[in-house]
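I'm opening a fresh page for a structure I haven't met before. The plan is to look things up piece by piece and jot down what turns up.

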Amino acid sequence: MLLAVVASSGVSLLADDIALAQVPGCTMERVAGTSRQIMRCDGATITAEGGARFNVIDRDRDGRPDAVSLRNKAVLVDVDSAKRRGGFEVVTPQAIAAVRGTRWAVDVKNGTTSVFVVRGRVAVGRPSSGRRVVLSVGEGVDVTRGGDALTVRRWPQARAAALLARLGQ
């Protein structure tokens, strides 16, 4: 189920400063020679593009983050369903992407959220609507504010590669 509002305690981070932040239940490291950061949180790994702005959210306050609120730039999320029960979400101003176990990238820029699936399946919807689409491997969707239907597309190799390259993939 997609949640329209994420109300919880969160830690605000700028990817360039993530190594300095204390996030309960997570370990953080800077990728040598890059501006990327990797945060590992008990079954979820979040790779943040340099300069990405996001909050790590622990809605049920159990010491394990279960969502990221992303405001700009990109993150790659890898969720191991064997280690993490209850799934994981990335919430942006335009969309919510939710999974149980998968690997996907979310990019926020110029009023658009783009979601691309590397492994597994991801449900994507708008915070203001109960309607959602489900993406499979190689598929993506661009979500803007407004009432346009969400259109699932197979992403061209060049587009997927460009986004994943920003995330060290």
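**Entry 1: a term to settle, and a test of it.** Before I start, I need one cut-off: a residue counts as buried when its relative accessible area is under 20%, exposed when over 50%, and partly exposed in between. I also note that this is a predicted model. I tried the cut-off on glutamate 89, which has a relative accessible area of 5% and is therefore buried. Its salt-bridge partner is arginine 59, with N to O at 2.9 Å. Arginine 59 sits in the loop between strand 5 (53-58) and strand 6, while glutamate 89 is in strand 7 (residues 88-91), so the pair ties together parts that are 30 residues apart in sequence. Arginine 59 has a relative accessible area of 24%, so I put it down as partly exposed.

**Entry 2: the overall picture.** I counted elements next and got 1 helix and 14 strands. The protein has 169 residues, and 47% of them count as buried. I also looked at contacts with a separation of 6 or more: 45% of them are between residues 24 or more positions apart.

**Entry 3: around strand 3.** How many residues of strand 3 are buried? I find 4 of its 5, which makes the strand mostly covered. On one side I looked at strand 2, which runs antiparallel to strand 3 and is joined to it by 4 bridges. The hairpin of these two has 6 residues between the strands, and glycine 33 there takes a positive phi near 75 degrees. Then I turned to strand 4 (residues 44-48), which pairs with strand 3 in the antiparallel sense over 5 bridges. That hairpin has 2 residues between its strands, and aspartate 42 in the turn has a positive phi of about 45 degrees. I met Asp42 again in a network of salt bridges with Asp62 and Arg64.

Arginine 40 kept coming up. It stands opposite threonine 27, and also opposite threonine 45 in strand 4. Arginine 40 forms a salt bridge with glutamate 29 as well, the closest N and O atoms being 2.7 Å apart. This pair links arginine 40 in strand 3 to glutamate 29 in strand 2, 11 residues apart. Both ends are partly exposed: arginine 40 at 37% and glutamate 29 at 38% relative accessibility.

**Entry 4: the disulfide.** I searched for disulfides and the count came to 1. It joins cysteine 26 to cysteine 41, S to S 2.0 Å. Cysteine 26 is in the loop between strand 1 (9-14) and strand 2 (27-30), cysteine 41 is in strand 3 (residues 37-41), and the two are 15 residues apart. Which hand does this disulfide have? The torsion about the S-S bond is about 110 degrees, so I wrote down right-handed. Cysteine 26 and cysteine 41 are both buried.

**Entry 5: a buried arginine.** Arginine 36 is in the loop between strand 2 and strand 3. I checked for a salt bridge and found none, although the residue is buried; glutamate 49, the nearest side chain of opposite charge, is 8.4 Å away. Leaving aside neighbours within four places in sequence, its contacts include Arg30, Thr47, Glu49, Ala165 and Gly168.

**Entry 6: helix 1.** Which residues of helix 1 (residues 157-166) are buried? I get Ala160, Leu163 and Leu164. Seen down the axis of helix 1, they fall within an arc of 95 degrees, so they line one face of the helix. Their cover includes strand 6, strand 9 and strand 10. Arginine 159 meets aspartate 142 in a salt bridge, 2.6 Å from N to O. Arginine 159 is in helix 1 and aspartate 142 in strand 13 (residues 139-144), 17 residues apart. After helix 1 comes glycine 168, with a positive phi near 75 degrees.

**Entry 7: strand 9.** Since strand 9 had turned up as part of the helix cover, I went there last. Of the 7 residues in strand 9 (residues 103-109), 5 are buried. Strand 9 pairs with strand 6 (residues 67-79) in the antiparallel sense over 6 bridges, and aspartate 78 has arginine 103 as its bridge partner. Strand 10 (residues 112-119) also pairs with strand 9 in the antiparallel sense, over 7 bridges. There, tryptophan 104 is partnered by valine 117.

Notes: Residues numbered from 1 in each chain as written. Predicted model: local features only at pLDDT ≥ 70, side-chain atom pairs only at ≥ 80, totals over all residues. Heavy atoms only, no water. Buried < 20%, exposed > 50% of the residue type's maximum accessible area, 1.4 Å probe, protein only. Pairing = 2+ DSSP bridges. Disulfide = S-S within 2.5 Å. Arc of directions from axis to C-beta. Contact = heavy atoms within 4.5 Å. Lys, Arg positive; Asp, Glu negative; His and termini not counted. Salt bridge = Lys/Arg side-chain N within 4 Å of Asp/Glu carboxyl O.
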